[in-house]
Amino acid sequence: MTGGSLGLRAGSYGSLPNIKNVIAGGGRLLHSKSFGSVRKNPIIMLSGSREKERSLPSIWYRYLGRRKFSMLLLVAFAVLVFVLGSFVVNKESNSPNVDQRIGTMSMAHYINATRNEASRILGRRNRQKGGDGNRFQASVSKGANHPCANFTFPPPPPPHLRRIGPRPCPVCYLPVDQAIASMPSSPSESPVLHNLTYVHDENPIKTEPHGGSDFGGYPSLKQRNDSFDIKESMVVHCGFVKGSKPGHQTGFDFDESDLAELQQFHEIIVASAIFGNYDLIQQPRNISEEAKRNVPFYMFIDEETEAYMKNRSMLDSSKRVGLWRIIVIHNVPYSDARRNGKVPKLLLHRIFPNIRYSIWIDGKLQLVVDPYQILERFLWRQNANFAISRHYRRFDVFVEAEANKAAGKYDNSSIDAQVDFYRTEGLTPYSEAKLPIISDVPEGCVLIKEHIPITNLFTCLWFNEVDRFTSRDQLSFGIVRDKIMAKVDWHINMFLDCERRNFVIQAYHRDLLEHMPPPVAVIRHPPALPNIITRERNQGKKIPRHGKDRRSGSRHHHKASA
């Protein structure tokens, strides 16, 4: 290696003394020692052209060695990357396929990493029509000035950070005061049906081999079919066929003090139920003071659950547990606790005849969003009067029936009989022909409802199917909805299940919680204090060292002693 090469290398690192030994001339960089012995032979002529090509990079390296210039380049490069990245994001956001991409990916992340066939069909139909609206964008019917008008789901995380299983997704809620201001001043219009009354029969008689009960009556198949012929005034079976009023000698009876409570007028109520001591009461969270004052929370329990709560000192004469007002049910009509739970779930309008809106949540759920915000998001903003989440994975009744059989949810022969009956009535597997309906299977643990005649009829007829067939209400939801929608201009807001998981948290059933092993207690002992007495006794004694201590040297020993 020559001295010239060493000088160039030192100069490239910014060494000023060595740079003086380098002379720039004619676009060439030559070392001073070789300047007097230059020959113009062909080899040098060829090398001269190469040195000219190298001159600009060499000048570039001189300036690159300066710290300020390098920092300026880094800043310029960062600005360029930011501008290009923003351009790419904006371009993707305006792409016709971004809505399908965001929707499918969000469902894959927030629901169960499964591809939803209904969403894919919707995306194909939207592309055929030339539409590019985000199917999963917060649908705003109040105009573009709504604060949530431009809300969309954020892009999902990278695949290696995704969690398996259904998860909550973001939901745009209005502040509570704005949600309250959004409440309609008058009831929604009920299409066609304006006057709905209910069958009263003190001695119901079973005239057909299948279905019905003393509590719900025994409607014949002709009566069932007639109930789907929507008219201005109708009389239908809707439970509580006996007695002078619901809850008084009807089966599913209330205390006299509770009967007076249930007749009061309320704008909004929240209701739930626990039967068969199946769940533990979950206290709502994040409830506004306005809701605590004006929105009552009712929890229906049977006598078995009442006895358990009293033995645990959870229930006293005030009949209140946290925010919940406890309503004890006597003379339950069914031996199956889950079927008893369908009475308040689907027939709240019969138990509470003077309310406008209700939010039903199953007993295993904990409400974590204010009721006003839920109603604004899923009813008022959508101009809807009934809302329910669709199943996070299944959207076909026949697939749902097989899943129920595989999980042992009900007797297989009864499930087969119900599905076969619906097939003879024209129920088909879900397909593109049902659009804009995107699912036949709900996740029915939450019902959000405005109490008007058409929604009351829907839940009455839905209950009649549960009373006639199996208690698996996911199987009968679609057939009742389709028959009503075939007669009147009415729709149900079936929102994403990940949105439902945003405002309710699902807990374990009580029996599962009791059989779970207790959490392992981690005992952390405090650090041991130094043994001062032992150290004093050992002072002056030579302690043998081993291993690393032997190599640490006397200097480490002196530091430790100090």
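Biologist: I am new to this structure, and I would like to start with one residue. Is Phe 386 buried or exposed?

Modeller: Phe 386 is buried, with a relative accessible area of 0%. Please keep in mind that we are looking at a predicted model. A residue counts as buried when its relative accessible area is under 20%, so Phe 386 with its 0% belongs in that class.

Biologist: Where does Phe 386 lie?

Modeller: Phe 386 is part of strand β11, which covers residues 386-389.

Biologist: Which residues does Phe 386 touch, not counting those up to four places away in sequence?

Modeller: Leaving out those up to four places away, its list includes Leu 379, Leu 447, Ile 448, Lys 449, Thr 455, Phe 458 and Thr 459. Trp 462, Trp 490, Ile 492 and Asn 493 are also among the residues that Phe 386 touches. Residues far apart in sequence can be compared by their C-alpha distance: Phe 386 and Met 494 are 108 residues apart in sequence, and in space their C-alpha atoms are 8.7 Å apart.

Biologist: Now the sheet. In what order do the eight strands come?

Modeller: Read across the open sheet, the order is β7-β8-β6-β5-β9-β12-β11-β13, and the pairing is mixed. The edge strands are β7 (320-321) and β13 (493-495), each of which pairs on one side only.

Biologist: How many bridges join β11 to β13?

Modeller: Three bridges link these two strands, which run parallel. To follow one bridge in the viewer, start at Ala 387, whose partner in β13 is Asn 493.

Biologist: Next, empty space inside the protein. How many cavities of 30 Å³ or more does the structure hold?

Modeller: There are three cavities of 30 Å³ or more. Let us take the second largest cavity, which has a volume of about 50 Å³. The elements that give two or more residues to its lining are α12 (337-346), β9 (355-361) and β12 (446-450).

Biologist: Which residues line the second largest cavity?

Modeller: Our first residue is back, since Phe 386 is one of them. The others in the lining of the second largest cavity are Lys 345, Leu 346, Leu 348, Ser 358, Trp 360, Leu 447, Lys 449 and Thr 459. Sorted by class, this lining has five nonpolar, two polar and two charged residues.

Biologist: Let us stay with α12. How many of its residues are buried?

Modeller: Eight of the 10 residues of α12 are buried, and the helix is mostly covered. The buried ones are Arg 339, Asn 340, Gly 341, Lys 342, Val 343, Pro 344, Lys 345 and Leu 346. Look at the start of α12 too: there a side-chain oxygen of Asp 336 comes to within 3.1 Å of the backbone nitrogen of Arg 338.

Biologist: And another helix, α8. Is Arg 224 buried or exposed?

Modeller: Arg 224 is buried, with a relative accessible area of 5%. It sits in helix α8, residues 221-226. Its side chain makes a polar contact of 2.8 Å with the side chain of Glu 465. Apart from neighbours within four places in sequence, Arg 224 is in contact with Phe 421, Tyr 422, Glu 425, Glu 465, Arg 468 and Lys 483.

Biologist: What about Leu 221: where is its place?

Modeller: Leu 221 is in helix α8 as well. At 34% relative accessibility, Leu 221 counts as partly exposed. Neighbours within four places in sequence aside, Leu 221 is in contact with Glu 208, Phe 421 and Arg 468.

Biologist: Let us finish with backbone angles. What is phi of Phe 240?

Modeller: Phi of Phe 240 is near 50 degrees, a positive value in a residue other than glycine. Phe 240 is in the loop between β4 (233-236) and α9 (256-262), and at 3% relative accessibility it counts as buried. Asn 331 also has a positive phi, near 55 degrees. Asn 331 belongs to the loop between β8 (324-329) and α12, and it is exposed, with a relative accessible area of 54%.

Biologist: Which residues does a cis peptide bond join?

Modeller: Leu 435 and Pro 436 are joined by a cis peptide bond, with omega about 10 degrees. You will find Pro 436 in the loop between α16 (412-424) and β12.

Methods. Residues are numbered from 1 along each chain as its sequence is written. This is a predicted model: local features need pLDDT of at least 70, side-chain atom pairs count only at pLDDT 80 or more; totals for chains, interfaces and linings use all residues. Side-chain values use heavy atoms; hydrogens and water are left out. Helices (H or I, at least four residues) and strands (E, at least two) are DSSP runs, numbered from the N terminus. Buried means under 20% relative accessible area, exposed over 50%, partly exposed in between (1.4 Å probe, protein chains only). A polar contact is a pair of N or O atoms within 3.5 Å; within protein, one must be able to donate a hydrogen and the other to accept it, and residues adjacent in sequence count only if both atoms are side-chain atoms. Contact means heavy atoms within 4.5 Å. On a 1 Å grid over the protein atoms alone, a cavity is a set of points where a 1.4 Å probe fits but cannot get out, and a pocket is an open set with protein on both sides within 12 Å along at least five of seven lines; lining residues have an atom within 4 Å of a point. Grid points are joined across faces, edges and corners, and a volume is the space filled by probe spheres set on the points. Ala, Val, Leu, Ile, Met, Phe, Trp, Tyr, Cys and Pro count as nonpolar, Asp, Glu, Lys and Arg as charged, and the others, Gly among them, as polar. Two strands pair if DSSP finds at least two bridges between them.
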